[in-house]
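Q: I am new to this structure and would like a close look at a single part of it. Please take one strand and describe what lies around it, then place it in the rest of the model.

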Amino acid sequence: MSENATQPVSTVSDEVAIRVSHITKIYKLYDKPSDRLKEALGFSKKKRYKELKALDDVSFDVHRGETVGIIGTNGSGKSTILKIITGVLSQTSGEIQVNGRISALLELGAGFNMEYTGIENVYLNGTMMGFSREEIDKRMDDILSFADIGDFVNQPCKTYSSGMFVRLAFAVAINIDPEILIVDEALSVGDVFFQAKCYHKFEEFKKQGKTILFVSHDLSSIAKYCDRVILLNKGVKRNEGKPKEMVDLYKKLMVNLGDQPLPVSDDKEDEEAEDASAADLKDKKLGAVDVKTQEKLQRQAKSVTGILPKNPNTIEYGEGQAKIVKVTTIDENGNITNSIEKGSYFTIRMEVHFTQDLEEPIFAYTFKNLKGTEICGTNTMYENTPIGAAHAGETIEVEFRQRMDLQGGEYLMSFGSTGYHKGEFRVFHRLYDVLNVTVVSSKNTVGFFDMNSEVTFTRKNTEEN
């Protein structure tokens with residue numbers, strides 16, 4: 001298919017809302033504008049451009065009523081694929097098929113005329129989306145109520161603040177009642193109160209069974225809202241699956257470890273397993289490790305939690321300058337336990353063994369809920385507690401002591417040893433979701449944390465007239 005490929009068409013089955021088939025997008029990059037002109041006019045037979053492959057043979061389906069997230073590092077092609085699906089861009093090759101009316105939250109207000117009033121732009125955008133004036137009239141009250149910009153709706157958009165502009169643009173897109181909603185980093189517009197309204201509307205769409213395709217760098221939102229997640233990297237679909245699994249793989253890509261084997265080895269046998277794993281990974285998807293290597297990893301890390309149960313699905317990786325050899329949680333009575341009473345003080349202890357001299361290692365931990373949302377965490381840098389230089393052969397034990405104010409429930413803990421080595425940020429060793437912690441509570445409040453409010457009240461008698 002050429003650059004002028006046709007726009008999305010409704011030819012897929014009822015079960016599939018969006019089908020992306022072998023999509024490739026290549027941009028031509030010219031050194032000078034004159035090179036583009038010469039080629040367009042046919043004055044030059046010489047190739048005057050470089051090719052940038054923004055997407056490379058990407059395929060996936062989005063089923064009706066499903067919320068699918070797309071994540072990836074900057075430049076991975078996330079926004080490009082959304083623009084191709086909505087017809088803003090044309091693909092170089094491949095096919096897009098869409099079954100249903102789309103509302104896209106991409107570049108908010110891109111179709112607005114700054115000389116028109118807010119009301120006029122509502123009609124303009126609604127018409128561009130395929131609605132009649134009567135249909136827009138029925139939705140006008142909801143749009144204006146959601147935008148909440150008052151009498152400014154009757155003023156030219158060029159007089160709006162940036163906040164008012166995106167509020168109106170978002171209100172138009174979200175209240176058109178689409179069958180398919182496509183969102184690109186658009187839920188964090190406006191102030192905190194408007195953001196809460198946006199997320200509430202988003203949740204309404206999910207409850208109504210709308211189809212949602214969602215791109216965001218907010219991994220908590222991805223984990224919370226998505227049924228399935230697609231991971232892109234450098235224009236290639238690396239994997240797809242459950243949100244938690246894809247978020248963990250994405251974090252590996254963030255530190256350029258996506259194609260490296262997971263183990264950090266000490267003895268010769270482990271090094272052989274690591275070498276075999278590296279060769280095995282070359283022709284496999286991201287995160288794929290053969291059964292023998294998985295067993296080897298589990299055997300290696302079996303004692304890392306001591307007497308506490310270790311998650312068999314722990315993700316372990318790093319460059320190997322350091323290795324986390326022990327992690328544990330200790331209650332306020334000094335007992336090693338993974339059950340912590342809410343409101344009590346407890347200690348998180350980790351031991352790290354160093355195989356190289358390092359200038360300033362950083363020790364970190366995080367808590368996640370079972371859906372994969374990161375709740376809280378800290379590290380020695382945030383706590384302004386520099387460790388100082390670490391030396392090869394040395395083991396450093398670090399303790400974090402704090403009050404447990406998380407709500408009662410089950411949580412997963414991750415640990416990391418990172419830092420700067422020769423001027424560059426490095427991940428020495430990470431253990432994701434290695435330890436389960438149960439918070440025991442007789443009183444839970446709203447959200448993730450207890451505000452520990454002290455409540456007072458006074459009764460006042462009011463004399464009747």
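A: What follows starts from one strand and then moves outward to the parts around it and beyond.

The model is a predicted one. The strand chosen is β3, which covers residues 67-72. Six of its six residues are buried, so the strand counts as mostly covered, given that buried means under 20% relative accessible area. The cover is found on both faces of β3. On one side the buried residues are Thr-67, Gly-69 and Ile-71, and on the other they are Val-68, Ile-70 and Gly-72.

Two strands pair with β3. One is β7, residues 211-215, which runs parallel to β3 and is joined to it by four bridges. Within this pairing, Thr-67 stands opposite Ile-212 of β7. The other is β8, residues 228-233, which pairs with β3 in the parallel sense over five bridges. Here Val-68 is set opposite Arg-228 of β8. In general, strands of a sheet pair through backbone hydrogen bonds, and they may do so in a parallel or an antiparallel way.

One residue of β3 leads on to the interior. Ile-71, buried on one side of the strand, is among the residues with the most contacts inside the largest nonpolar core. That core has 46 residues, and Leu-168, Leu-181 and Phe-214 are the others named with Ile-71 for their contacts. Helix α5, residues 162-174, gives the most to this core, with nine residues. A second core, separate from it, has 31 residues, including Val-304, Phe-346, Val-352 and Met-404. In soluble globular proteins, nonpolar side chains tend to be buried together.

Helix α5 also has a helix packed against it. This is α4, residues 133-147, and the two pack at an angle of about 145 degrees with their axes 8 Å apart. Their crossing is right-handed. From α4, the residues in the contact are Ile-143, Phe-146 and Ala-147. They meet Arg-167, Leu-168, Phe-170, Ala-171, Val-172 and Ile-174 of α5. Sorted by class, the contact has eight nonpolar residues, no polar ones and one charged one.

For another sheet, turn to the open one with three strands in the order β2-β1-β4, where the pairing is antiparallel. The strands β2 (49-63) and β4 (93-98) stand at its edges with a single partner strand each, so one side of each has no neighbour in the sheet. From one strand to the next, the twist averages 20 degrees. Strand β1, residues 16-30, pairs with β4 over five antiparallel bridges, and Arg-19 has Gln-97 of β4 as its bridge partner. Helix α1, residues 33-41, packs on this sheet and touches β1 and β2, with its direction at about 110 degrees to that of β1. Helix α2, residues 78-85, also packs on the sheet, where it touches β1, β2 and β4. The direction of α2 makes about 115 degrees with that of β1.

A last stop is Met-350, which lies in strand β13, residues 345-354. Met-350 is buried, with a relative accessible area of 0%. Leaving aside residues up to four places away in sequence, Met-350 touches several residues, among them Ile-324, Phe-363, Val-398 and Phe-415. Glu-397 is also touched by Met-350; the two are 47 residues apart along the chain, and their C-alpha atoms are separated by 5.8 Å.

Notes
Residues are numbered from 1 along each chain as its sequence is written. This is a predicted model: local features need pLDDT of at least 70, side-chain atom pairs count only at pLDDT 80 or more; totals for chains, interfaces and linings use all residues. Side-chain values use heavy atoms; hydrogens and water are left out. A nonpolar core is a set of buried Ala, Val, Leu, Ile, Met, Phe, Trp, Tyr and Cys residues joined through side-chain atoms within 4.5 Å. Buried means under 20% relative accessible area, exposed over 50%, partly exposed in between (1.4 Å probe, protein chains only). Two strands pair if DSSP finds at least two bridges between them. Axes are lines fitted to C-alpha atoms, for helices over the stretch in contact, and angles run from 0 to 180 degrees between N-to-C directions. Contact means heavy atoms within 4.5 Å. A crossing is left-handed if the near helix is turned anticlockwise from the far one by less than a right angle, and right-handed if clockwise. Ala, Val, Leu, Ile, Met, Phe, Trp, Tyr, Cys and Pro count as nonpolar, Asp, Glu, Lys and Arg as charged, and the others, Gly among them, as polar.
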